[in-house]
Amino acid sequence: MNPRRQKRLFAVIAIVAIIGGAISLMLYALNQNIDLFYTPSEILDGKDGQVPHVGQRLRIGGMVVVGSVQRHEETLDVSFRLTDTGPEVTVLYHGLLPDLFREGQGIVATGVLQSANVIKAEEVLAKHDEEYMPPEVAEAVKGIKHVNPNQ
């Protein structure tokens, strides 16, 4: 092989290696920011045969159990339980809850799994009107009676 072809081959191999490395780094960075959606039943029983591990970032959606909201007297710490059609999961949150947050209503929380059934939430979202619910939550809570706070 003449020296000119050898230089070209080396340049092509170097370019392919650099592009491959860049794609690998991008996929690694994106993988850490993925928040998978779970329901309380899927957290405890598993989703597609896989149970989320402690420390995993996730989104959880369900109905706030009536009578489960506990607010700390001196801080902004709040804990409440979520359910779908089966087991309950405890959500711990530090901050102000949305104005539409109510017991018996659907919410979606983003956070980290601390133990098998405890989530430390970083963000809590409440549905914005009487009819809307995220499709994943609506599918998970079929059969649970919605509590209208205006009645």
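Which residue forms a salt bridge with Arg81? In this predicted model, the partner is Glu88. The closest N and O atoms of the two residues are 2.5 Å apart. Arg81 is partly exposed, at 32% relative accessibility. Glu88 is also partly exposed, at 34%. Arg81 falls within strand S4 (77–83), and Glu88 within strand S5 (88–94).

The count of salt bridges comes to two. Glu122 and Arg57 also meet through their side chains in a salt bridge, with an N to O distance of 3.0 Å. Glu122 belongs to strand S7 (residues 118–126) and Arg57 to strand S2 (residues 57–64), so this pair ties together parts that are 65 residues apart in sequence. Arg57 has a relative accessible area of 29% and is therefore partly exposed, lying between the 20% and 50% limits. Side chains of opposite charge can pair when their charged atoms come close.

The nonpolar interior was examined next. The largest nonpolar core contains 20 residues. Within this core, the most contacts are made by Ile60, Phe80, Phe101, Ile107 and Val124. Five elements each give two or more residues to the core: S2, S4, S5, S6 (106–115) and S7. S2 and S7 are also the strands that hold Arg57 and Glu122.

Phe80 illustrates the packing. Beyond residues up to four places away in sequence, Phe80 touches Val64, Ser68, Val69, Val89, Thr90, Val91, Leu97, Phe101, Ile107 and Val124. Among these partners, Phe101, Ile107 and Val124 are themselves listed with the most contacts inside the core.

Notes: Residues are numbered from 1 along each chain as its sequence is written. This is a predicted model: local features need pLDDT of at least 70, side-chain atom pairs count only at pLDDT 80 or more; totals for chains, interfaces and linings use all residues. Side-chain values use heavy atoms; hydrogens and water are left out. A salt bridge is a side-chain nitrogen of Lys or Arg within 4 Å of a carboxyl oxygen of Asp or Glu. Helices (H or I, at least four residues) and strands (E, at least two) are DSSP runs, numbered from the N terminus. Buried means under 20% relative accessible area, exposed over 50%, partly exposed in between (1.4 Å probe, protein chains only). A nonpolar core is a set of buried Ala, Val, Leu, Ile, Met, Phe, Trp, Tyr and Cys residues joined through side-chain atoms within 4.5 Å. Contact means heavy atoms within 4.5 Å.
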